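Biologist: I would like a close look at a single part of this model. Please give the cut-offs as you go.

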There are 2 protein chains.
Amino acid sequence: MARPTIADIARQAGVSKGAVSFALNGRPGVSEETRRRILGIAEEMNWRPHSAARALGGAKAGAVGLVLARPARTIGVEPFFAQLLSGLQAGLSAHSTALQLMVVEDTAAEIEVYRRWASEHRVDGFVVVDLQVRDPRIAVLEQLGVPALVLGGPGRHGTLPSVWADDREAMISTVNYLAALGHRRIAHLAGLPAFQHTQRRIRALRDSAKRLGLTEALSVPTDFSDAEGAAATRALLTRSRRPTAIIYDSDVMAVAGLGVAMEMGVAVPGDLSIVSFDDSTLTRIVHPPLTALSRDTFALGEQVARTMLAAIADPEAVHDLKNPTPRLTVRESTAAPRPE
Amino acid sequence: MARPTIADIARQAGVSKGAVSFALNGRPGVSEETRRRILGIAEEMNWRPHSAARALGGAKAGAVGLVLARPARTIGVEPFFAQLLSGLQAGLSAHSTALQLMVVEDTAAEIEVYRRWASEHRVDGFVVVDLQVRDPRIAVLEQLGVPALVLGGPGRHGTLPSVWADDREAMISTVNYLAALGHRRIAHLAGLPAFQHTQRRIRALRDSAKRLGLTEALSVPTDFSDAEGAAATRALLTRSRRPTAIIYDSDVMAVAGLGVAMEMGVAVPGDLSIVSFDDSTLTRIVHPPLTALSRDTFALGEQVARTMLAAIADPEAVHDLKNPTPRLTVRESTAAPRPE
DNA sequence: CGGTGGACCTAAACCGCTATAGTTCGGGCG
DNA sequence: CGCCCGAACTATAGCGGTTTAGGTCCACCG
């Protein structure tokens with residue numbers, strides 16, 4: 001038989017389609033005995049619900065949408081996203097919900113996809129990442145009326161619930177650590193200035209520097225690419241009074257920076273300490289392994305999945321959720337600076 | 001209005017639902033004038049098709065499935081997949097087809113997902129990667145009757161069409177290059193032996209070694225992880241007569257190997273030449289940058305997308321498609337071995 | 001002038017499932 | 001004994017499209 005439908009099961013069981021539907025969905029309306037019989041037949045016929053038919057009756061689509069706006073060729077080396085994705089996956093598939101993924105060129109295209117998927121009933125909710133400073137997506141999502149969850153914050157994200165971690169706190173603890181080692185000139189290779197978390201980290205560094213009385217604490221914005229990470233590192237290391245420590249906003253940039261240091265004959269950690277704001281295999285496989293802010297990105301993904309599913313079930317009941325602050329994992333790329 | 005349906009449009013236009021459907025899908029049955037009027041109204045009402053309703057009528061689901069079987073926490077740093085994914089994305093979304101992604105623990109779970117998605121009509125076809133030696137997925141997919149496309153080959157993949165690149169040829173050219181530099185003891189850190197492409201590369205190395213009369217050409221199987229890559233490298237470099245060149249089956253392992261060499265004080269490329277079988281940003285950001293086999297993985301993804309869509313349109317018309325052989329990009333990690 | 005055929009549409013069935021308004025029937029109660 | 005009620009089902013109406021079997025109307029032909 002091609003594809004059994006509940007009508008087939010009903011015929012086989014000698015009951016109506018409605019009874020079968022009741023039985024299969026565990027709702028009252030059939031006796032325990034009949035339910036068992038129907039479930040048995042369904043099992044035997046290897047029946048599975050037709051997702052489209054379910055979705056049509058106004059029910060759930062059984063999928064969550066994630067749209068990433070970045071030039072298509074660049075999701076190359078971003079362990080963070082890959083990890084997040086796995087966690088999200090795991091969390092969703094535990095409740096047999098699928099992840100609908102799409103990579104687009106820019107935010108305008110991203111918004112267009114939100115509109116389309118929402119009106120096509122293709123997904124039950126959206127996960128939004130890379131929160132921007134004045135994020136145009138927020139208003140659109142609020143208006144679409146589809147549950148949406150923001151990854152990132154705190155900060156302006158309208159009425160949408162969010163899952164976030166305290167990267168201000170993380171930055172402060174990192175600077176404290178470097179200052180305790182004796183560093184007085186610290187540089188920060190930041191990410192895209194349009195992102196809220198970039199701004200938060202820059203501010204945290206500035207505040208820390210003031211409080212600790214550091215000689216220098218410079219944030220250099222980049223586009224997160226290895227190329228800009230390398231170029232900015234080269235520029236910093238060429239200056240007459242170069243920083244003794246650099247904090248990189250991503251592992252990819254940190255590794256690229258390490259490469260530049262080696263190429264220029266700058267010893268790590270002897271002449272330069274390096275800290276990565278993201279941890280991943282990447283920071284561990286290079287030599288020396290990098291001191292980094294670790295967090296369980298996979299678990300974060302699962303967390304997001306759980307919260308998303310809760311938001312789908314009842315949008316009112318979900319509120320902002322704070323994740324553990326990333327903790328510094330000290331490896332071999334940081335040390336006290338050489339005495340001048 | 002909540003969500004316009006074709007019935008709303010029909011009412012507005014004063015025609016039947018059927019006429020609207022004809023008009024919107026560009027099929028004969030309505031006059032050019034009426035069609036324009038209907039399209040105008042649909043545009044004005046901001047109508048979008050309800051994907052579930054479409055799928056229900058036996059039509060396409062508008063999505064392609066990709067299931068990856070790997071322990072969820074490990075898709076961390078695999079630039080190859082990320083790149084492939086972007087290309088796939090780009091190719092599919094150009095024909096407004098979505099990508100349904102799922103990461104599962106093992107092949108058994110993967111097969112279960114194929115079954116479920118096929119019977120739920122959730123996707124129109126599958127892309128299969130990581131072809132194994134005796135791959136149990138092939139038979140299942142053939143039997144499910146859903147178009148499926150294998151990435152990898154040549155080799156046994158039943159009647160399913162495939163898109164592949166010649167990694168035998170690539171391995172041979174790499175070994176030729178190293179031999180020309182003067183290397184006589186070459187090691188190969190291979191991937192999982194269960195994969196067809198691993199076997200092909202191992203065989204290619206063995207054949208090359210025999211033809212060129214190399215002193216040693218050893219393939220060491222690993223699980224593709226950075227940890228095993230590092231461990232195997234350490235073991236190789238500890239031997240009394242160590243290899244003068246190592247070919248790594250993935251960029252992650254190559255970078256990990258480079259880290260081990262540095263840690264052990266083995267100069268690259270002075271004492272050891274390193275070649276990576278995958279190219280990515282990763283191989284470029286480390287120091288020294290690694291010689292690697294490059295291919296346009298993004299383009300490969302697009303290619304797969306195109307072929308997949310063709311297979312969905314007409315499964316009969318699609319045949320195996322060979323992609324350009326990866327070409328060696330020489331960087332600074334390879335050089336002639338020190339004279340003994 | 002009846003018949004024919006094509007262009008343009010309409011009405012209605014159908015896809016698989018859910019939701020809801022009956023219908024049947026057995027049993028408790030006054 | 002008749003009445004009412006709840007449990008267990010059945011019958012049926014959608015959900016939003018696509019598709020197919022007609023139904024008109026009109027030009028054209030013999």
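What kind of atom of DNA strand C lies 2.8 Å from a polar side-chain atom of Lys17(A)?

Modeller: A base nitrogen: a polar side-chain atom of Lys17(A) lies 2.8 Å from a base nitrogen of DNA strand C. The model is predicted, so local features need pLDDT of at least 70 and side-chain atom pairs count only at pLDDT 80 or more, while totals for chains, interfaces and linings use all residues. Residues are numbered from 1 along each chain as its sequence is written, chains are lettered from A and ligands numbered from 1 in the order in which they are written, and side-chain values use heavy atoms, with hydrogens and water left out.

The pair at Lys17(A) is a polar contact (N or O atoms within 3.5 Å). Two further residues of chain A belong in the picture. Trp47(A) has a polar side-chain atom 3.0 Å from a phosphate oxygen of DNA strand C. At Ala53(A) the protein atom is a backbone N or O, and it lies 3.4 Å from a base nitrogen of DNA strand C.

Around these contacts, 24 residues surround DNA strand C (a residue is near if one of its heavy atoms lies within 4 Å). Those that come nearest are Ile6(A) and Arg54(A) from one chain and Ser16(B), Ser31(B) and Thr34(B) from the other. By class, 9 of the residues near DNA strand C are nonpolar, 11 polar and 4 charged; Ala, Val, Leu, Ile, Met, Phe, Trp, Tyr, Cys and Pro count as nonpolar, Asp, Glu, Lys and Arg as charged, and the others, Gly among them, as polar. On the DNA side, 63% of the strand C atoms within 4 Å of the protein belong to sugar or phosphate, and the rest belong to bases.

Helix H2 (17-24) and helix H4 (51-56) of chain A each supply at least two residues of the surface near DNA strand C; helices are DSSP runs of H or I with at least four residues, strands runs of E with at least two, numbered from the N terminus. The largest share, 4 residues, comes from H2(A).

DNA strand D can be described in the same order. The surface around DNA strand D has 25 residues, of which Ser16(A), Ser31(A), Ile6(B), Ser21(B) and Arg54(B) come nearest. These 25 divide into 9 nonpolar, 11 polar and 5 charged. Sugar or phosphate accounts for 59% of the strand D atoms within 4 Å of the protein, with bases making up the rest.

A polar side-chain atom of Lys17(B) lies 3.1 Å from a base oxygen of DNA strand D. Ser21(B) places a side-chain N or O atom 2.6 Å from a phosphate oxygen of DNA strand D, and for Trp47(B) the distance from such a side-chain atom to a phosphate oxygen is 3.1 Å. Helix H2 (17-24) and helix H4 (51-56) of chain B are the elements that give two or more residues to this surface. H2(B) gives the most, with 4 residues.

The two chains are related by symmetry. Chain A superposes on chain B by a rotation of 180° with 0.0 Å of shift along the axis, at an RMSD of 0.2 Å; the fit is by least squares on C-alpha atoms of residues with pLDDT of at least 70 in both copies. The copies are thus related as by a two-fold rotation axis. In chain A, Ala52(A) has the C-alpha nearest the axis, 2.2 Å from it. The same surface serves both copies, since 100% of the contact residues of chain A recur in chain B (contact means heavy atoms within 4.5 Å).

For orientation, chain A also holds a sheet. This open sheet has 6 strands in the order E7-E6-E8-E9-E10-E12, with mixed pairing (at least two DSSP bridges between two strands). Strand E7 (216-221) and strand E12 (327-329) of chain A stand at the edges with a single partner strand each, so one side of each has no neighbour in the sheet. Strand E10 (residues 291-294) of chain A runs antiparallel to E12(A) and is joined to it by 3 bridges. In this pair, Ala292(A) stands opposite Thr329(A).

Key. Polar contact = N/O pair within 3.5 Å; in protein donor to acceptor, adjacent residues only side chain to side chain.
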